[in-house]
Amino acid sequence: MLLSDPRVNPSANYNRSIRRASEYGHHETVRVLLADPRVNLPVIKNYSLQMMAMKSGQYKIVELLKNNRQEKMKKKLHSLAGFFSLQG
């Protein structure tokens with residue numbers, strides 16, 4: 001797979017790959033890019049991607065991005081809960 005090549009940076013050019021894949025409805029590409037740890041989208045960027053996908057009528061992409069954002073928030077909350085339980 002192309003992403004396994006260390007010379008490939010999927011977040012290059014301000015995450016152009018995932019932005020274009022979201023805009024043009026490439027569901028599988030978006031899913032693969034979201035799973036890559038090098039693609040780290042802040043929440044605000046995720047909303048921007050959702051809006052772009054929605055404007056293009058790519059509703060499956062909107063759901064995929066929304067679910068990804070929710071999963072990241074759950075993981076962050078879980079890690080914070082673990083941190084605070086260690087502190088007490």
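This text walks through a predicted model, from its nonpolar core to a pair of packed helices and then to three single residues.

The largest nonpolar core is a good place to start. This core has 14 residues, and the members that touch the most other members are Ile18, Val30, Leu34, Leu41 and Leu65. Four helices each give two or more residues to the core: α1 (12–23), α2 (27–35), α3 (43–55) and α4 (59–87). Of these elements, α4 gives the most, with four residues.

Next, look at how α1 and α2 sit against each other. Two packed helices are described by the angle between their axes and by the distance between those axes. For α1 and α2, the axes come within 8 Å and cross at roughly 150°. Angles over 145 degrees count as roughly antiparallel, so α1 is roughly antiparallel to α2. The crossing of these two helices is left-handed. On the α1 side, the residues that meet α2 are Ser17, Ile18, Ala21 and Ser22; on the α2 side, Thr29, Val30, Leu33 and Leu34 meet α1. Ile18, Val30 and Leu34 have appeared already, among the core residues that touch the most other members.

Now turn to the backbone of α1. Tyr14 lies in this helix. Its phi is near 55°, which is a positive value in a residue other than glycine. Asn15 is also placed in helix α1. Asn15 is not a glycine either, yet its phi is positive, at about 60°.

Is each of these two residues buried or exposed? Tyr14 has a relative accessible area of 74%. The cut-off for exposed is over 50%, so Tyr14 is exposed. Asn15 has a relative accessibility of 14%. Buried means under 20%, so Asn15 counts as buried.

The last stop is Asp36, in the loop between α2 and α3. Which residues does Asp36 contact, once its neighbours within four places in sequence are left aside? They are Leu3 and Pro10. The side chain of Asp36 is also joined to the side chain of Arg38 by a polar contact of 2.8 Å. The relative accessible area of Asp36 is 9%, so this loop residue is buried.

Note on methods: Residues are numbered from 1 along each chain as its sequence is written. This is a predicted model: local features need pLDDT of at least 70, side-chain atom pairs count only at pLDDT 80 or more; totals for chains, interfaces and linings use all residues. Side-chain values use heavy atoms; hydrogens and water are left out. A nonpolar core is a set of buried Ala, Val, Leu, Ile, Met, Phe, Trp, Tyr and Cys residues joined through side-chain atoms within 4.5 Å. Buried means under 20% relative accessible area, exposed over 50%, partly exposed in between (1.4 Å probe, protein chains only). A polar contact is a pair of N or O atoms within 3.5 Å; within protein, one must be able to donate a hydrogen and the other to accept it, and residues adjacent in sequence count only if both atoms are side-chain atoms. Contact means heavy atoms within 4.5 Å. Axes are lines fitted to C-alpha atoms, for helices over the stretch in contact, and angles run from 0 to 180 degrees between N-to-C directions. Angles under 35 degrees count as roughly parallel, over 145 as roughly antiparallel, 65 to 115 as roughly perpendicular and the rest as oblique. A crossing is left-handed if the near helix is turned anticlockwise from the far one by less than a right angle, and right-handed if clockwise.
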